[in-house]
Amino acid sequence: MGRTGTIFVAICMAIIALSSAIVLIFQFGRPFGEAVSLSLALMCTMILIHLLIGRARDRGAVSVAVDRLEDRMADLDEDVGNLEGRLTGMEHTMPRRTRAEIDPLFAEVEVLGTLVKQMAEAMSDLETRVEDQQALAPPPRAPNLPHYPQARPAVQAHEAGIPPSYAPAPPSPPPYNPVHAEPRVPPQLHPMPQHEPEHPPVDHMNWQAPAPQAPAPQVPAPQSPETHGHGDMAEWDRRYGVHGERPREEDTMVPAPRPEPAFDFGDEVTSQADFQAKDVETVQPPRPQPNMAMRELITSALNANRVELHLQPIVTLPQRQVKYYEAFTRLRDAEGNAIAATAFLPEAVLSGQIARIDNLLLFRAVQVIRRLTSRNRNAVLFCNISLVSLVDETFFPGFLEFVKSNRDFADVLVFEFSQGDVAEMGAMELESLNALYEVGFRFSIDRINDMKMDFNSLAGRGFKYGKLHADYLIGRREAKHGHIHPSDFGDLLHRYGMELITDHVETESQVLELLDYDVKLAQGNLFSPPRPVRAEVLQGAPAPRKSAAG
């Protein structure tokens, strides 16, 4: 805009100078050279005046700008001075304020430490007292020792005039045989033959022996110092619940006992244990009944190719970038409704069709792997395989030959088994697993709820990944972890060369807690639910384009 104005002023000056020259020539009759000289001088004068006016205007604008800058600098100096004052005040006041706030915390921590120390000392004293009480406690009573109401031998001996130490021992009660209801007759424990009445049938739960008849009095022998020993033994008998005094063999003239005891508690306990074992063996869990409708639905879905492959990503934390994928099989009925895996998998295993489903899953997984590796060489796909498929004679040999001829899939395909299936693997299953491991495949263990499993041996068999429910890891569910805290489970797997994948992540709060436990891989509907694979991917060719005319 300023350049255009300058050009316009110069044109006007030229017009004015030319006009003045024309006026001098034609009006005043001045010569041409003189008129041109005067017009040029006039033009130079106007240019000089214009330059002086422009210079003055520019100088005024510069001076105004300089004044504004000076004012701004003054404001900045004032603000800097205020900031310096505040910083100086903070340098002097912050240490004192921080110390004033931290000192009470230190005092509380010291008090807590003292309380914890006192509590530890009190617990130590309590444990010492408990140990002392256990050491001083009397021996436990004999288990399953029945009580037999009978007359006290000491009273009978006193009435007969016999010292208590020479009183004969009462006869032992008959043994109880759980198979036969008739009891055995106890042996005679005194020299005089006596006929004892027959015992009624024994009730094992409320059995009591009849009171024995008082034996005939015998002439006591001279008392010896050994009697004190028998008195001590009688004290121990009373402590353990055995009624009656222990007599001396030479005084009571009791014959040698039979090899088989009169009342064998061991036989009774053994018989009861045998009966309980027989009951346990007899009561077996009912076998699942076949669901013919579901079996028919599975067969029709397989025959009509109404089987879909769904993929769910496994992401890294905290970036949430897709790292791996897991493949799931879904069936649909004739109306197109999806059938849950929990509904058809038990019946598929029971009917023997699970191998056919796994065969279809692996075939389509190979197609998906080829598509994924063409875009991303680091793609890995997890495939769930049933335990039955490892020993299926029609499926596994052909599949093993296929993977041996295509060893490139060993790096991008991971076979996944549940912890229950891994625990039930026998020799044939482990042999099939070892055959896949020798080809180069790696495995994953899913649905872990027992952290006491020998994961070191699993790592030696080719297991590289372990999946744990997020609620088990953050403590919302109880798991069989033994001495292993769930938060240390990832470090345990890492020690054996395995990676932990936390699945069933549904909320953001779970993600925050998992980040506190330094979890690297996660899976769940929060990141993405299982989504079906497009048909053109499974067919191995792009979808046909629609023609313009159509």
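Buried means under 20% relative accessible area, exposed means over 50%, and partly exposed is anything in between (1.4 Å probe, protein chains only). I'm writing that at the top of the page, because Asp 77 comes out at 52% relative accessibility and so counts as exposed.

Some ground rules next. This is a predicted model, where local features need pLDDT of at least 70 and side-chain atom pairs count only at pLDDT 80 or more, while totals for chains, interfaces and linings use all residues. Residues are numbered from 1 along each chain as its sequence is written, and side-chain values use heavy atoms, with hydrogens and water left out.

**Entry: helix α2**

I looked up where Asp 77 sits, and its place is in helix α2, residues 32-136. (Helices are DSSP runs of H or I with at least four residues, strands are runs of E with at least two, and both are numbered from the N terminus.)

Then I asked myself which residues gather with Asp 77 in a patch of negative charge on the surface. They are Asp 67, Glu 70, Asp 71, Asp 75, Glu 78 and Asp 79. I noted the patch rule: members have over 30% relative accessible area and no salt bridge, like charges are joined within 9 Å, and nonpolar side chains (Val, Leu, Ile, Met, Phe, Trp, Tyr) within 5 Å. Asp and Glu count as negative, Lys and Arg as positive, and His and the chain ends are not counted. A charge is placed at NZ of Lys, CZ of Arg, CG of Asp or CD of Glu.

I also found a nonpolar patch on the surface: Met 119, Met 123, Leu 126 and Val 130, with about 380 Å² of accessible area together. Areas like that come from the Shrake-Rupley method with a 1.4 Å probe, and for residues only the protein chains shown count as cover. Val 130 is in helix α2, and I put it down as partly exposed because its relative accessibility is 38%.

**Entry: salt bridges**

Side chains of opposite charge can pair when their charged atoms come close. The rule I used asks for a side-chain nitrogen of Lys or Arg within 4 Å of a carboxyl oxygen of Asp or Glu. How many salt bridges does that give? The count comes to nine.

I checked Glu 34 and Arg 30, whose side chains meet at 2.6 Å, N to O. Glu 34 is partly exposed at 30% relative accessibility, and Arg 30 is partly exposed at 37%.

Next up was Arg 476 with Glu 513, a salt bridge with its closest N and O atoms 3.0 Å apart. This pair links distant parts of the chain, with Arg 476 in the loop between α15 and α16, Glu 513 in helix α17, and 37 residues separating them. Arg 476 is partly exposed at 44%, and so is Glu 513 with 27%.

Salt bridges that share partners also join Glu 326, Glu 416 and Lys 467 into one network.

While in that loop between α15 (470-474) and α16 (489-495), I found Glu 478 there too. Is Glu 478 buried or exposed? At 71% relative accessibility, it counts as exposed. Its C-alpha atom is 8.7 Å from that of Asn 449, though the two are 29 residues apart along the chain.

**Entry: two helices with sides**

In helix α17 (residues 508-516) I listed Gln 510, Val 511 and Leu 514 as the buried residues. They share one side of α17 because they cover an arc of only 100° around the axis. (The arc is that of the directions from the helix axis to the C-beta atoms.) Exposed Leu 512 and Asp 516 are on the face turned away from that buried side.

Helix α11 (residues 396-405) has Phe 396, Phe 399, Leu 400 and Val 403 as its buried residues. Down the axis they fall within an arc of 100°, so they line one face of α11. The face turned away carries exposed Glu 401 and Ser 405.

**Entry: backbone oddities**

Where is Pro 318? I found it in the loop between β1 (307-316) and β2 (322-332). The peptide bond leading to it from Leu 317 is cis, with omega near 5°.

Asn 305 has a positive phi, near 60°, in a residue other than glycine. It lies in the loop between α7 (292-303) and β1.

Asp 518 is not a glycine either, and its phi is positive at about 60°. It's in the loop between α17 and β9 (521-522), and I noted it as exposed because its relative accessible area is 51%. Its side chain meets that of Lys 520 in a salt bridge (3.0 Å, N to O).
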